[in-house]
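Please open your viewer and keep the selection panel at hand. We will go stop by stop, with something to pick at each one.

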Amino acid sequence: MNENPKVATEKARDSYRKTAAQFEELVGDPQVPEAMRALVEKNITQTRELYERSKNALEAVLESWERSFDAAGQGAVALNRKVIDIAQRNINFSFDLAKSLAGAKNLAEAMELQAAHWRKQLDALTTQAEEVRALSTKVTAAAAEPIKAQMTRGMDELNKAT
């Protein structure tokens, strides 16, 4: 949805005003029978009420989408920071290995250092994958929460209306 919510709301409001103006012209026409005028006036009243309810519902939905998109954007930033943090830790861990290898006295010691490094690195990768999974779950929940809350409010209002 590329359109600004306020612009969308204003377009809906303008459309309503134009339709209402057309109805008003019809009601004022002396050639229109009284029964038809009464029907048109009733329709105008109902249309106004429907417009107000629809406008409020539309604005509430658009606001929940905005909150959801904001949460998703913040979540993406958090995920990017987490990935950068993990990459920095892995680079530092590799530099530590390089320093250790530079100090190795023989090939056997270098091989042992390398094997120890990879055992630790595999453990670290498991932990890092869990960190990213947990953060992704949190971000997804945060982005979905405004929409979920709006759906719940909508269902509650619908249940009250029936």
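What follows is a short tour of this predicted model.

**Stop 1: the whole chain**

Start with a cartoon view and colour it by secondary structure. The protein chain has three helices and zero strands, and reading along the sequence gives the pattern α-α-α. Of its 162 residues, 19% count as buried. If you add a surface, its accessible area comes to about 11900 Å², with 60% of that belonging to carbon and sulfur atoms. For a contact map, note that among contacts with a separation of 6 or more, 65% are between residues 24 or more positions apart.

**Stop 2: confidence**

Now switch the colouring to pLDDT. The chain averages 84, and 90% of the residues score at least 70. Which element has the lowest mean pLDDT? Select residues 5-28: this is helix α1, with a mean of 72, whereas α3 has the highest mean, 90. Where pLDDT is low, the predicted coordinates should not be read in detail.

**Stop 3: a nonpolar patch**

Select Trp65, Phe69, Ile147 and Met151 and show their side chains. Together they form a nonpolar patch on the surface, with about 420 Å² of accessible area. Helices α2 (34-102) and α3 (107-161) are the elements that each give two or more residues to the patch. Click on Phe69, which is placed in helix α2. Phe69 counts as exposed because its relative accessibility is 56%, and the cut-off is over 50%.

Next, pick Ser68, also a residue of helix α2. Is Ser68 buried or exposed? Its relative accessibility is 6%, so Ser68 counts as buried. Leaving out residues up to four places away in sequence, Ser68 touches Ala143, Pro146 and Ile147. Ile147 is also one of the patch residues.

**Stop 4: around Phe93**

Move on to Phe93, in helix α2. With 24% relative accessibility, Phe93 counts as partly exposed. Which residues does Phe93 contact beyond its neighbours within four places in sequence? Show His117, Lys120 and Gln121 to see them. You can also draw a distance between the C-alpha atoms of Phe93 and Gln121: they are separated by 8.1 Å, although the residues are 28 apart along the chain.

**Stop 5: salt bridges**

How many salt bridges does a search of the whole structure find? There are five, and three of them make good stops on this tour, beginning with Glu131 and Lys82. Their side chains meet with an N to O distance of 3.3 Å. This pair links distant parts of the chain, since Glu131 is in helix α3 and Lys82 in helix α2, 49 residues apart. Lys82 is partly exposed, with a relative accessible area of 24%.

Then select Asp85 and Arg89, whose side chains form a salt bridge at 3.0 Å, N to O. Both lie in helix α2, four residues apart, which is about one turn of the helix. Asp85 has 31% relative accessibility and counts as partly exposed; Arg89, at 33%, also counts as partly exposed.

Finish with Glu130 and Arg133, where the salt bridge has an N to O distance of 2.6 Å. These two are three residues apart in helix α3, so about one helical turn separates them. Glu130 is partly exposed at 39% relative accessible area, and Arg133 is partly exposed at 44%. For a last view, select Lys82, Asp85, Arg89 and Glu131 together: salt bridges that share partners join them into one network.

Note on methods. Residues numbered from 1 in each chain as written. Predicted model: local features only at pLDDT ≥ 70, side-chain atom pairs only at ≥ 80, totals over all residues. Heavy atoms only, no water. Patch = residues over 30% accessible without salt bridge, like charges linked within 9 Å, V, L, I, M, F, W, Y side chains within 5 Å. Areas by Shrake-Rupley, 256 points an atom, 1.4 Å probe, with all protein chains shown as cover. Salt bridge = Lys/Arg side-chain N within 4 Å of Asp/Glu carboxyl O. Buried < 20%, exposed > 50% of the residue type's maximum accessible area, 1.4 Å probe, protein only. pLDDT = per-residue confidence, 0-100. Contact = heavy atoms within 4.5 Å.
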